[in-house]
Amino acid sequence: MHVTVVGSGYVGTTLAASLADLGHTVTAIDIDEEVVETLNAGAAPIHEPGLEELIAEHAGDRLSATTDYAAIPDSDLTFLAVQTPSTPDGSLDPTALAAATEMAGAALAADVDEPVADGDGTTPTDPVPHPVVVKSTVTPPALATLRGALADGVGGDGSSAGPAIAELATNPEFLREGTAVSDFRDPDKLVFGTDSASALDRLEELYAPLVAETDVPVVRTDPETAMMIKYANNAFLAAKISLVNDLGNACKEFGLDAYEVMDAIGLDDRISERFLRSGVGWGGSCFPKDVDALRAASRTAGYDPALLNAAVEVNDRQPERLLELLDAHVDVANERVAVLGLAFKPGTDDVRNSRAIPVIEGLRERGADVVGYDPVATETMRERFPDLEYAADAAAALADAAAAIVVTDWDEFATLDAEFDAMADPVVIDGRRIVERREGLTYEGLTW
């Protein structure tokens, strides 16, 4: 099939490259000319394990990029993977996504010729509407805005011309940054949200090679329910992590190791062992944004989600608890403190909602001289803190430091014995249980 993917961020780029690897012809569309040039040159505009290799393999063959929406009518279906940022109250701002939806509709309308009567005086059958598939995460009520934008794009009011040319569907993503390529290749589920038999047929055809290879379960439902599945999925996981962190905080106060407790309860098949690692909390682009959007949409509908509110409250408190453990050992005023890990999780350069941000801010409020280090996320964090000192490696960050705080569980932090020993009086506050407790190290784990 020929697929167009609008938006070349984490989701769009992974989707485009992975669909090309599945055997489809993919055209990525992005308004950023630099991103388009990067993709056409066979390079990845983001850091994601395995993605660079896929793009290098398929660029110039099954994968290309352009800034021109005119590529859409030549494709079998179009994905929208445009960012939906949060507003100050936590709700989503669909402006950019709605604009992209309208432009997709306009491109399809511009390619439609007036029907010409056949020799017998009849009019040819209308073409199958082009599926415009929302991959971006938007709340179910926001889909009405996108349907309106699509109708505006094709020049109709949604009652005639719009549906005849294009129709909106949803196919939420369940990709984790740092493992997005492997998540695409081996998914837990596929969710198709559409009220149209023809759109469903095209989605089924598109993913047929993946279903045949993995036997992945497919959920077929309406567009709004498909999006609610995505929100419910992330809200459940976020709440599970916050519950584990809350229990972990209690374990710490009792002098117990939360990890030993979680290992035991993970044996219960009603709970499972997944997402039971307590620590400094969740961040990134999905959990914070999705939970906040669901809370905001629920409040707008007249329901206050108490458990989700509590999940956010626990998560927001974890970085301060980490700093309080540091306060018990070191007065950091005018002291050098190394923050190890700037990305919100290992395997990515994404610092959106990274727990390192409140940790850095808290250290600065205490008067510390902060130095940050991350294997890949230094430049992205530099945009957030341009005046922060950044080290080229962990050894440079730890040199002359009075303390170190581990925020991201990069594997290399587990092997820093000599680097920690080079500190005058090594104090390590670990938010991810990546450093081993040992003699010669003043060590505190957040929940153990």
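**Note on the predicted model**

1. Ala208 counts as partly exposed, at 36% relative accessibility. Partly exposed covers the range between the 20% and 50% limits. Ala208 sits in helix α8, residues 197–214. Its C-alpha atom and that of Gly153 are separated by 30 Å, with the two positions 55 residues apart along the chain. Bear in mind throughout that this is a predicted model.

2. Now helix α2, which spans residues 33–40. Which of its residues are buried? They are Val35, Val36 and Leu39. Why do they share a side of α2? The three cover an arc of only 100 degrees around the axis, so they fall on the same side of the helix. The face turned away from that buried side carries Glu33, Glu34 and Glu37, which are exposed.

3. The cover over the buried residues of α2 comes from several elements. It includes two helices, α1 (10–21) and α3 (51–58). It also includes two strands, β2 (25–29) and β3 (63–66).

4. Both ends of α2 deserve a look. At its start, a side-chain oxygen of Asp32 comes to within 2.9 Å of the backbone nitrogen of Glu34. After the helix comes Gly42, with a positive phi near 85 degrees.

5. Next, the sheet. Six strands make up an open sheet, and their pairing is parallel. The order is β11-β10-β9-β12-β13-β14. Strands β11 (389–390) and β14 (442–445) are at the edges. Each has a single partner strand, so one side of each is left without a neighbour in the sheet.

6. Within this sheet, β9 (residues 336–340) pairs with β12 (residues 403–406). The sense is parallel, and the pairing runs over four bridges. Val339 has Ile405 of β12 as its bridge partner.

7. Helix α13 (residues 356–365) lies across β9, β10 (369–373) and β12. Its angle to β9 is about 175 degrees.

8. The largest nonpolar core has 54 residues. Leu326, Val339, Leu340, Leu363, Ile405 and Phe420 touch the most other members. Elements giving two or more residues to this core are α12 (306–327), β9, α13, β10, α15 (394–398), β12 and β13 (427–430). Which of them gives the most? That is α13, with five residues.

9. Leu363 is a useful residue to display. Leaving aside neighbours within four places in sequence, Leu363 is in contact with Leu323, Leu326, Val337, Val339, Ala368, Val370 and Ile405. Two of these contacts, Val339 and Ile405, are also the bridge partners of point 6. Another core lies apart from the one in point 8. This other core has 38 residues, among them Ile29, Val82, Ala235 and Ile241.

10. Two residues other than glycine have positive phi. Phe275 has phi near 60 degrees. Phe275 is in the loop between α10 (258–265) and α11 (287–300). At 28% relative accessibility, Phe275 is partly exposed.

11. Asn353 also has a positive phi, near 60 degrees, and is not a glycine. Its place is the loop between β9 and α13. Is Asn353 buried, exposed or partly exposed? At 35% relative accessibility, Asn353 counts as partly exposed.

How values were computed. Residues are numbered from 1 along each chain as its sequence is written. This is a predicted model: local features need pLDDT of at least 70, side-chain atom pairs count only at pLDDT 80 or more; totals for chains, interfaces and linings use all residues. Side-chain values use heavy atoms; hydrogens and water are left out. Buried means under 20% relative accessible area, exposed over 50%, partly exposed in between (1.4 Å probe, protein chains only). The arc is that of the directions from the helix axis to the C-beta atoms. Contact means heavy atoms within 4.5 Å. A polar contact is a pair of N or O atoms within 3.5 Å; within protein, one must be able to donate a hydrogen and the other to accept it, and residues adjacent in sequence count only if both atoms are side-chain atoms. Two strands pair if DSSP finds at least two bridges between them. Axes are lines fitted to C-alpha atoms, for helices over the stretch in contact, and angles run from 0 to 180 degrees between N-to-C directions. A nonpolar core is a set of buried Ala, Val, Leu, Ile, Met, Phe, Trp, Tyr and Cys residues joined through side-chain atoms within 4.5 Å.
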